[in-house]
Amino acid sequence: MIAYIRFADALSAWFGKAFAWLILMMALGTGYEVFVRYVLNSPTAWALDVSFIMYGALFMMAGAYTLSRGGHVRGDFLYRLWSPRWQARIDLVLYLVFFFPGVLALVFAGWKYAARSWEYGEVSVNSPAGVPIYQFKTVIVLAGVLLFIQGIAQVMRCILAIRTNEWLAAEEDVLETEDILMARAAEAEKDAHP
């Protein structure tokens, strides 16, 4: 089980980090559009569509990564008070009743939309540039498959937590800036008062 969990976490992390580069591309594209629009007075017809496509792809492909790191928002005012064993039981039921049916619906609906879009070479109707969007609709299917793979890993995490009353933690690869600054401040405080 642990080997599969680590595999799914690594797969989700790879895709999440690869698609995170879209942030840089979006910033460069938006900067370019601002420059040509306001300095050269020659706006592009494609900038808005491309930024929507990149943001949408980033959002979709980050879902499995965020799930693997426990980063999704949860209303945990009661949940956090329960033991890991009870948390895992509730999570397991919710994964089976809501998560997997929702993800399967995403995959099957996405497959239908993507196949139809590829058939007729769909382009965006939002701009005169006719930016192709069929490849973006394929991202819906890929994101669903990654979520499904990661969901199986999360179910395995639940089973382990039910058995051991302890959550198997995900690898931490990204830290909040606040945490880094607080750790540095604590280290500086410790060095100042040995």
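**Notes on helix H4 and its surroundings**

1. A kink of about 45° interrupts H4, and its centre is at Tyr95. Please keep in mind while reading that this is a predicted model. The helix itself covers residues 84-119, and Tyr95, where the kink is centred, is among the buried residues of H4.

2. The inward-facing side of H4 is worth a look next. Its buried residues are Gln87, Ala88, Asp91, Leu92, Tyr95, Phe99, Phe100, Val103, Val107, Gly110, Ala114 and Ser117. They pack against two other helices, H3 (47-68) and H5 (134-164). For the spacing in that list, a general point helps: an α-helix has 3.6 residues a turn, so residues three or four places apart point the same way.

3. Now to the surface. Which residues form the nonpolar patch there? They are Phe77, Leu78, Leu81, Trp82, Trp86, Ile90, Val93, Leu94, Leu96, Val97 and Phe98, and together they have about 1200 Å² of accessible area. One of them, Phe98, sits in H4. Phe98 counts as exposed because its relative accessibility is 58%, against a cut-off of over 50%. Phe99, by contrast, is on the list of buried H4 residues.

4. Gln87 deserves a point of its own. This H4 residue has a relative accessible area of 9%, under the 20% limit, and is therefore buried. What does its side chain reach at 2.9 Å? The partner is the backbone oxygen of Tyr79. The Gln87 side chain also makes a polar contact of 2.7 Å with the side chain of Trp167. Leaving aside residues up to four places away in sequence, Gln87 touches Tyr79, Arg80, Trp82 and Trp167. Trp82 is also a member of the nonpolar surface patch, so you may like to view these two points together.

5. Finally, the far end of the helix. After H4 comes Gly121, with a positive phi near 55°. Glu122 lies in the loop between H4 and H5. Is Glu122 buried or exposed? With 15% relative accessibility, Glu122 falls under the 20% cut-off and so counts as buried. Its side chain and that of Lys137 are joined by a polar contact of 3.0 Å. Apart from residues up to four places away in sequence, Glu122 touches Ser117, Pro132, Ile133, Tyr134 and Lys137. Ser117 belongs to the buried set of H4, while Tyr134 and Lys137 fall within the range of H5 (134-164).

Terms used
Residues numbered from 1 in each chain as written. Predicted model: local features only at pLDDT ≥ 70, side-chain atom pairs only at ≥ 80, totals over all residues. Heavy atoms only, no water. Patch = residues over 30% accessible without salt bridge, like charges linked within 9 Å, V, L, I, M, F, W, Y side chains within 5 Å. Areas by Shrake-Rupley, 256 points an atom, 1.4 Å probe, with all protein chains shown as cover. Salt bridge = Lys/Arg side-chain N within 4 Å of Asp/Glu carboxyl O. Helix = DSSP H or I, 4+ residues; strand = E, 2+ residues; numbered from the N terminus. Buried < 20%, exposed > 50% of the residue type's maximum accessible area, 1.4 Å probe, protein only. Bend = angle between axes of the 7 residues up to and from the residue. Contact = heavy atoms within 4.5 Å. Polar contact = N/O pair within 3.5 Å; in protein donor to acceptor, adjacent residues only side chain to side chain.
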